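Trainee: I am new to this structure. Please take me through its largest nonpolar core.

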Amino acid sequence: MFLPYQTEGFVLKKEDQAEADQLFTIFSKDFGKIKILGKAIRKITSKLRAGMELFYLSQIEFIQGKTYKILTEAMVIDKFKEMRENLERLNIAFKISEDLDNLLKGEEQDEKIWQLLLEVFEKLNNLQLIYHYFFWNFISILGYKPELYFCASCQKKLKPEKLYFSVKEGGLICKNCFNKFDTGIEININAIKILRLIIKKDWKILEHIKINDEDEKCLEIISQNAILSIRN
Ligand SMILES: [Zn+2]
């Protein structure tokens with residue numbers, strides 16, 4: 001007989017399958033990212049349905065079937081109601097789940113990513129910064145922590161002047177290196193300060209920061225570049 005496994009997990013993705021089944025992508029506390037099949041879960045009579053909405057944090061139980069892990073129990077821990085009622089917040093949750101799906105390869109337990117996810121979902125009240133907070137700490141865990149205090153190319157201590165972010169070099173670079181190698185994106189001082197606070201996980205300061213459109217755009221561009229470079 002199959003012994004059931006139990007864990008907590010975030011429902012990151014649902015895909016409809018034949019016969020009212022659904023395949024769930026879950027980031028779980030004990031097994032990392034896993035796929036679990038919910039048998040006949042789209043039927044109204046399914047008692048599992050209520051615990052498996054997108055972006056729920058749920059207590060789940062499953063057995064290891066021949067092809068799939070099969071869901072046997074699901075109970076909601078947190079519905080993140082406020083996040084759910086706001087399109088912008090929901091959009092951030094979608095981006096987070098895409099990043100986890102794209103950048104995590106195998107099934108592997110990871111306490112740091114789990115803690116980061118818990119933290120970020122709880123903090124989804126601060127709309128502007130939360131995605132960047134997630135993203136930069138997530139890729140730091142994956143081994144791509146950006147260098148923000150010394151030039152990532154020539155190692156000189158950075159001064160508060162015009163600086164550039166080079167995904168290729170792995171962080172900020174000085175003007176000299178930018179001119180020499182012609183790699184990098186100009187980044188303004190304010191965006192750098194925000195990035196440093198994010199990496200320091202200084203939420204006490206971050207939650208009071210008003211981020212302007214220019215900073216937001218800056219962070220958006222370098223995170224997009226980082227995603228492309230890590231995926232390749
Ligand atoms: Zn340099």
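Mentor: Start with the core itself. The largest nonpolar core has 54 residues, and Val-11, Ile-26, Leu-172, Ile-173 and Ile-187 touch the most other members. A nonpolar core is a set of buried Ala, Val, Leu, Ile, Met, Phe, Trp, Tyr and Cys residues joined through C-beta atoms within 7 Å. A buried residue has 20 or more other C-beta atoms within 10 Å of its own, with C-beta atoms placed from the backbone. Helix 4 (residues 127-141) gives the most to this core: eight residues. Both domain 1 (5-81) and domain 2 (126-231) supply at least three residues each to this core.

A word on the model. It is predicted: local features need pLDDT of at least 70, side-chain atom pairs count only at pLDDT 80 or more, and totals for chains, interfaces and linings use all residues. Residues are numbered from 1 along each chain as its sequence is written.

Now look at Val-11. Leaving out residues up to four places away in sequence, Val-11 touches Phe-24, Ile-26, Met-52, Glu-53, Leu-54, Phe-55, Tyr-56 and Ser-58. Such contacts need C-beta atoms, placed from the backbone, within 7 Å.

Next, the setting. The C-alpha centres of domain 1 and domain 2 lie 36 Å apart. Domain bounds come from an automatic or database domain assignment. The protein has eight helices and eight strands. These are DSSP runs, numbered from the N terminus: helices are H or I with at least four residues, strands E with at least two. Of the 232 residues in the protein, 32% are buried.

How values were computed
A residue is buried if 20 or more other C-beta atoms lie within 10 Å of its own, exposed if 12 or fewer, and partly exposed in between; C-beta atoms are placed from the backbone. Two residues are in contact if their C-beta atoms, placed from the backbone, lie within 7 Å.
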